[in-house]
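New to this one? Take a moment to look it over, and then we'll walk through a few parts together.

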Amino acid sequence: MGIPGLSSLVRDTTGGATPLKLAASSGAGLIIDGNALVHSVAVVPDPSVPAVVLRIVSLAESLASVCAPLFIVFDGPLPKWKHSQRFDREKDKLAKVRRGAGPGDVLSPLALLASIQSLAAASAAGAGFQVVVANGEADLEITALARLHNAYIAGGDSDFLVHRSRGYIPLETLAFTPAAPATATTPATTATVSGKVWTYERVAAGVGLPVTFMPLLAAIAGCDYCLHDRWRKVRVIGSIGKGGNDRIKSLITYLRGFKTLPTAIDSVIAKTGGKNLPDTASFTAEIYAIIDIFTTGGSTTSPELSKYIQDTYPPLSSTPKLSFDQDFKAGVKSHKLFEAANGDFWCQAIIEDLAKRPVWEASRSIRKHLYSILGLELVAEHGRRALEFVIEKVESVPLPAPSTPGDLSATNSYVAALGCQDLDLAAFPRVYVPIVCAVKYVIALHQATPTQQPRDFEIEALLCAAISRMSSPRPVEEGESESSETPAADAAPAEAAVAPAAAVKPAPIPRPSKPMVHLLASLETVLLSALLLWQALDTTEKDAAFEQAHWQCLDGGKFATFMLAGRAGNGGPEAFLEGRDDLVAVFEALWKAVYGVEREKKVVVDEVAPAVETVEGPKDENEQDSKGSTAEDVTPPAQEVAEEEEVMIVVKKKTRGNVLPDPPKKGKSAAGWKQNLFDLLGDDDGNADDDDDEDED
């Protein structure tokens, strides 16, 4: 949430932050807000989960080579007192999805979980940084570590402009420059970390208030520690009905009229009231608590204030099944599992087709088994219903019996929970069990609606994308293709910024269609729910590779590329997997595991239905000639002809003698004819068979 309007105001009034450049010899530590880091890295250039994870681990290792100590701190289980803020935030994200938001606007829920897990694994392997998951909001953990180590804070929350620390570096300014050897014209350089730093003293001076007044400003302007939206009701002169800079400017102007903090506090309290505000004593205690949190991090010496802070901002408690132990604190197990054990599951907003059934609801049966493992009868699921964000009570369901009687191993319980008791686990490598189970689960969801079933070329693309990603010998760095060579030793050093680097553009990733996006979102919620279920099973089967396979298998960029090629008839596992016989053999095994039969080899179809003569109508407003294409295009022009031929073949197969819709008359658009054709064929691209489709704005 932060303090509304403060970041932009201090930029405008102070002329900017102080440039900072750190080298390893500086001896400066850095404490990073992990949630903000994942959000900043996820926007470019490939937002798929495996690509985000590779970039964030690489960046963390680079920063650790300069900054010591380096801590990456994440929000942990959401405490009950934060529910109203989270609920409002999720509603805002849902509104963004409705307006057509992309991955940079709404973070993939699986990307955050995968990033924490991967950073924790790298940390355990000696990468030079530490991962911390707070039991609640990360802010206090971050500021406490910053004070302990006299370190800088890097994040994306304007609350850090007021917290007492060595300095706050907005993540969009943070960049890493690697060391470079000497060349004929330049000397050798060492690795550096650069950014722009704000100190709380400079922020206070910039807005014209004493340092001691800044926490009070945060309390009445709104911050992460305000309860009941009280700050919106504070009746300070000139503040009501204004937003952004105007509102915070009026609050600052008002506070400048006082010489001491106590008199300012008394005046603010006197100007509060209204039907929706609690009693004055409670509001007074909250203001003093917020001031103490910003000043000392909640380490007050006052027993009364300390008790108020503990009672008002409590973390989630341990349950009979789970305690917030080292596995949670180090990011080995997901904080969402601990939230579920406390009776709440947040089905966070995700990029999906809002006209269809919510993807989180589609994966609910897995979580019902999860809740049973956690010893719960009912769990409140917070998620989308149509175009609203609601709370629904969900009953737990015991795990089904495994296929082998008496075999209660975690793996057999896992596959049984996903409805895959018939799976032959010895038929393919274990790391592909999650993607196979997820695909089988999604196919089973649509048994009653065959027209919404994933099609063969979609499943082919999904499996090939998983195999291609999980067999990659090394990560592909930003700005290079998979065939790129290692740069020369004397090449100029490249700055690895948290914000996107504009110097080199990677190959574009095809823009996926709505059905593709929804299919990926469905698989993501299934895989995330399945991973939580695996972590909840009381097992000694510790298998990091198996856990990480839940997100490594879901490469949206590769899926989009393979899907569009397969749809146009230009793909197949032999092409997607670069002719590697070993990988093609894995694909054949996964295909058989999904469908229970071997894949039929593609044959060339010579006979096609006679072409229907049509007259080209006027161009659609989004249409362009062969010299360019719109942002909505997902099929290269060279593939359009092949797709038309495929449609005619499908027409002959699917219509079974039914009368085709009449072609458009001369001078009329072909759009309506195409929709009628899709209606007849039951093709998802026309949304003809989606009974739950609704009009979107």
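Below is a quick tour of a sheet, two helices and the confidence of the model.

## How far to trust it

Keep in mind that this is a predicted model. Its protein chain has a mean pLDDT of 80, with 74% of the residues at 70 or more. Two stretches call for some care. Residues 473-494 have a pLDDT below 50, and that stretch makes 22 contacts in the model beyond near neighbours in sequence. The pLDDT is also below 50 over residues 499-506, with six such contacts. Where pLDDT is low, the predicted coordinates shouldn't be read in detail.

## The sheet

Now for the open sheet: five strands, paired in parallel, in the order β4-β3-β2-β5-β6. At its edges you'll find β4 (130-133) and β6 (168-170); each has a single partner strand, so one side of each has no neighbour in the sheet. On average, neighbouring strands here are turned by 25° against each other, ignoring direction.

Zoom in on β3 (residues 70-74), which runs parallel to β4 and is joined to it by four bridges. Ile72 has Val131 of β4 as its bridge partner.

## Two helices to find

Helix α2 (residues 34-41) lies across β2 (30-33), β3 and β5 (152-155), and it runs at about 90° to β3.

Then there's α8 (residues 214-221). Is this helix mostly covered or uncovered? It's mostly covered, with eight of its eight residues buried. Among them are Met214, Pro215, Leu216 and Ile220. Right after α8 comes Gly222, with a positive phi near 115°.

Definitions and conventions:
Residues are numbered from 1 along each chain as its sequence is written. This is a predicted model: local features need pLDDT of at least 70, side-chain atom pairs count only at pLDDT 80 or more; totals for chains, interfaces and linings use all residues. Side-chain values use heavy atoms; hydrogens and water are left out. Two strands pair if DSSP finds at least two bridges between them. Axes are lines fitted to C-alpha atoms, for helices over the stretch in contact, and angles run from 0 to 180 degrees between N-to-C directions. Contact means heavy atoms within 4.5 Å. Buried means under 20% relative accessible area, exposed over 50%, partly exposed in between (1.4 Å probe, protein chains only). pLDDT is the predictor's confidence in each residue, from 0 to 100.
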